[in-house]
Amino acid sequence: MTHTGSCFCGAVELEVTGSPEAMGYCHCRSCRSWSGGPVNAFSLWKPDAVRVTAGAEHLATFQKTPLSQRQYCAKCGGHLMTNHPPLGLVDVFAATIPTLTFTPAVHVNYAETVLPMRDGLPKLKDFPAEFGGSGETVPE
């Protein structure tokens, strides 16, 4: 299965192939600030499942920490994806892929939430243990 998406102005187009490794919500201050919202909906993909198909010359990267290389369109500023080299995954913002059925399974960095969400999904204090976090859950 292949899904296509683009930045806000459409200059940069991308496609994802297969199924994401995980989908969920991130509540960390960094993702909230970058996304401009109280929570960020993520879909994590293996790097070889993500491909920029048009407008690569407009793709810009901002890297504040070694964990995240945030990519956006230099023309319109539209956010597209975040490469996470230490994790070997790429977060393609769920809103960037309109045909993907977003099926969240987890909340990460819930200790930093500003928007409590009572949806019955696991709420991790930080990250799963396999990604260097505590793996601890917090109450809904």
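## Report on a predicted model

The charged end of K123 sits over the ring of Y110, at 5.7 Å from the ring centre. The structure described here is a predicted model. The paragraphs below take up its annotated region, its aromatic residues, one strand pair, its cysteines and several individual positions.

**Annotated region**

An unreviewed UniProt entry lists residues 3-119 under the heading "domain: CENP-V/GFA". Over residues 3-119, strand accounts for 44% of the chain and helix for 6%. The C-alpha atoms at the two ends of this stretch are 26 Å apart.

**Strands β6 and β7**

Strand β6 covers residues 59-65 and strand β7 covers residues 68-73. The two strands pair in the antiparallel sense, with 5 bridges between them. A hairpin of 2 residues joins β6 to β7. Within this pairing, T61 stands opposite Q71 of β7.

**Aromatic residues**

How many aromatic pairs does the model contain? The count comes to 3 aromatic pairs. The ring centres of W34 and F62 are 6.3 Å apart and their planes meet at 10°; an angle under 30 degrees counts as stacked, so W34 and F62 form a stacked pair. This pair links distant parts of the chain, since W34 belongs to helix α1 (residues 29-35) and F62 to strand β6, 28 residues apart. W34 also forms an aromatic pair with Y72, and this one is edge-to-face, with 6.0 Å from centre to centre and 65° between the planes. Here too the pair links distant parts of the chain: W34 is in helix α1 and Y72 in strand β7, 38 residues apart. W34, F62 and Y72 form one aromatic cluster. Helix α1 provides W34 to this cluster, strand β6 provides F62, and strand β7 provides Y72.

Are F62 and Y72 buried or exposed? F62 has a relative accessibility of 42% and counts as partly exposed. Y72, at 22% relative accessibility, also counts as partly exposed.

**Cysteines**

The count of disulfides in the model is 0. C7 takes part in no disulfide, and the cysteine sulfur nearest to that of C7 belongs to C73, 3.7 Å away. C7 is buried, with a relative accessibility of 4%. For C31, the closest cysteine sulfur is that of C26; the distance is 3.7 Å, which is too far for a bond because a disulfide requires the sulfur atoms to lie within 2.5 Å. C31 counts as buried as well, at 11% relative accessibility.

**Buried positions**

The table gathers residues that count as buried, together with their relative accessibility.

| Residue | Relative accessibility |
|---|---|
| C7 | 4% |
| N109 | 5% |
| T96 | 7% |
| C31 | 11% |
| L44 | 11% |

Where is T96 placed? T96 is in the loop between β9 (89-92) and β10 (106-108). Its relative accessible area is 7%, so T96 is buried, the cut-off for this class being under 20%. Apart from its neighbours within four places in sequence, T96 is in contact with T4, G5, S6, L14, H79 and L80. The C-alpha atoms of T96 and E13 are separated by 9.6 Å, while the two residues are 83 residues apart along the chain.

N109 is placed in the segment after β10. Although N109 is not a glycine, its phi is positive, at about 55°. N109 is buried, with a relative accessibility of 5%.

Which residues are in contact with L44, leaving aside its neighbours within four places in sequence? The contacts of L44 are P20, E21, A22, H84, L89, V90 and D91. L44 lies in strand β4 (residues 40-45) and counts as buried at 11% relative accessibility. From L44 to Q69 the separation is 25 residues in sequence and 14 Å in space, C-alpha to C-alpha.

Conventions
Residues numbered from 1 in each chain as written. Predicted model: local features only at pLDDT ≥ 70, side-chain atom pairs only at ≥ 80, totals over all residues. Heavy atoms only, no water. UniProt positions renumbered as here; feature names shortened; annotations may be inferred. Helix = DSSP H or I, 4+ residues; strand = E, 2+ residues; numbered from the N terminus. Buried < 20%, exposed > 50% of the residue type's maximum accessible area, 1.4 Å probe, protein only. Pairing = 2+ DSSP bridges. Phe/Tyr/Trp six-rings, centres within 6.5 Å; stacked < 30°, edge-to-face > 60°. Lys NZ or Arg CZ within 6 Å of the ring centre and 35° of its normal. Contact = heavy atoms within 4.5 Å.
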